[in-house]
Amino acid sequence: MFQKGLKGVVAVQTAIASVDGDLGELRYRGELVEAVIQEKSFEETAYFLWYGQSPNVQQLEQLQQQLLFYRKLPEHIVQITELLPKEISLMDAMRTLVSAYTHTKFQALSSQEQAIALTAALPVMTAAFYRIQNGQQPVEPRDDLGHTANYLWMINEQLPSAVQTEALETYLKLTMEHGMNASTFAARVTISTESDLVSAITSALGTMKGPLHGGAPSGVIDLLDTIKTEDRIAPIIEEKLNNGEKIMGFGHRVYRTEDPRSIILRKKCLALQGEDAWLDLAVTAEAYIVKKLNKQKPGRALYTNVEFYAAAIMRSIEMPTQLFTPTFSVARIVGWTVHTIEQQENNVIFRPQSEYIGT
């Protein structure tokens, strides 16, 4: 049987996450994502995905200490970060730095410890190269900040507000894991050859770099940048629809109803409405676009996807656009590592067939 792009083909049985496109449900470890992330930090949500249960006080403290320890980059990674050409993309830099991360002490760690180490190191490497690209010195991580706040600190060298940290942390928790997406599949294919975790994450980063996977939020920013003010929403959207252009941030390959992640991010934006003009524009634009799409394309179920409000939140916290896909990766590395560990536990190498259609 041939299915282009393996669409609809089940290649993996997993206990990590499930995506129901018809019901519009995303579940982590069998629980609805909105219930999992409620009142949980990045660290607690990651622990839940890695271990299948919420941490107690001692377990959470141990994870926090591990993440703090691995924020300190190996010296060879610091040197490579400084030697990389400034003109390459952040995703290229992240892929290169992760591929070089392995060393004797790292290789001696368990797969779970390696997962924690890479999760801690990736935002540090990302922020460091971003600052070097912009002619600034990298900022040392702070032991008194959580995972999300420390990432913002290393980017801007300013302590983020509670609102900024909460907004970004909501996004990170919602995008940690999303079933058998392209980058997760790439990681599992690599680890299925009995390769190593670093190689698997390098494969995932290379896949995430592609604009069909990790680059969508930038298109939403371009759309909202074009609109600029609420009075320009209607004429610009109508012009785009009349020209047959795609409206970025609407529609999803899997969900046939609203993306549950977009619902949660919308609630976060509504809670902050009136505090940020950009979020106000996004909320107003979404309402108009959904109404217009439903009228012009009935039966298509073109709801807002996660990229729309992800872009709004990123812009509201003044996250530069070149950091959008890298920040997505900073979250999704949790899912990638969980899947590689699961693959290792019951491994069969991926070896699909091809159908020859040449002469």
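1. Val19 faces Leu26 of strand S2 across the strand pairing. The model is a predicted one, and this note takes the strands first, then the N-terminal segment and the domains. S2 covers residues 25-28 and is joined to S1 by four bridges, the two strands running antiparallel.

2. The connection between S1 and S2 is a hairpin, with four residues lying between the strands. Within the turn, Gly24 adopts a positive phi of about 70°.

3. How many strands does the open sheet contain, and in what order? The sheet has three strands, ordered S1-S2-S3, and their pairing is antiparallel. S1 and strand S3 (31-32) occupy the edges; each has a single partner strand, so one side of each lacks a neighbour in the sheet. As a general point, strands of a sheet pair through backbone hydrogen bonds, in either a parallel or an antiparallel manner.

4. The segment before strand S1 (17-20) contains Val9. Is Val9 buried or partly exposed? Its relative accessible area is 36%, which makes Val9 partly exposed; the lower and upper limits of that class are 20% and 50%.

5. Val9 also contributes to a nonpolar surface patch, together with Met1 and Leu6. The area of this patch is about 350 Å². Membership of such a patch requires over 30% relative accessible area, and the value for Val9 is 36%.

6. For the chain, the domain assignment gives domain 1 as 40-214 + 321-345 and domain 2 as 216-317. The centres of domain 1 and domain 2, taken over C-alpha atoms, are separated by 28 Å.

Methods:
Residues numbered from 1 in each chain as written. Predicted model: local features only at pLDDT ≥ 70, side-chain atom pairs only at ≥ 80, totals over all residues. Heavy atoms only, no water. Patch = residues over 30% accessible without salt bridge, like charges linked within 9 Å, V, L, I, M, F, W, Y side chains within 5 Å. Areas by Shrake-Rupley, 256 points an atom, 1.4 Å probe, with all protein chains shown as cover. Salt bridge = Lys/Arg side-chain N within 4 Å of Asp/Glu carboxyl O. Buried < 20%, exposed > 50% of the residue type's maximum accessible area, 1.4 Å probe, protein only. Domains from an automatic or database assignment. Pairing = 2+ DSSP bridges.
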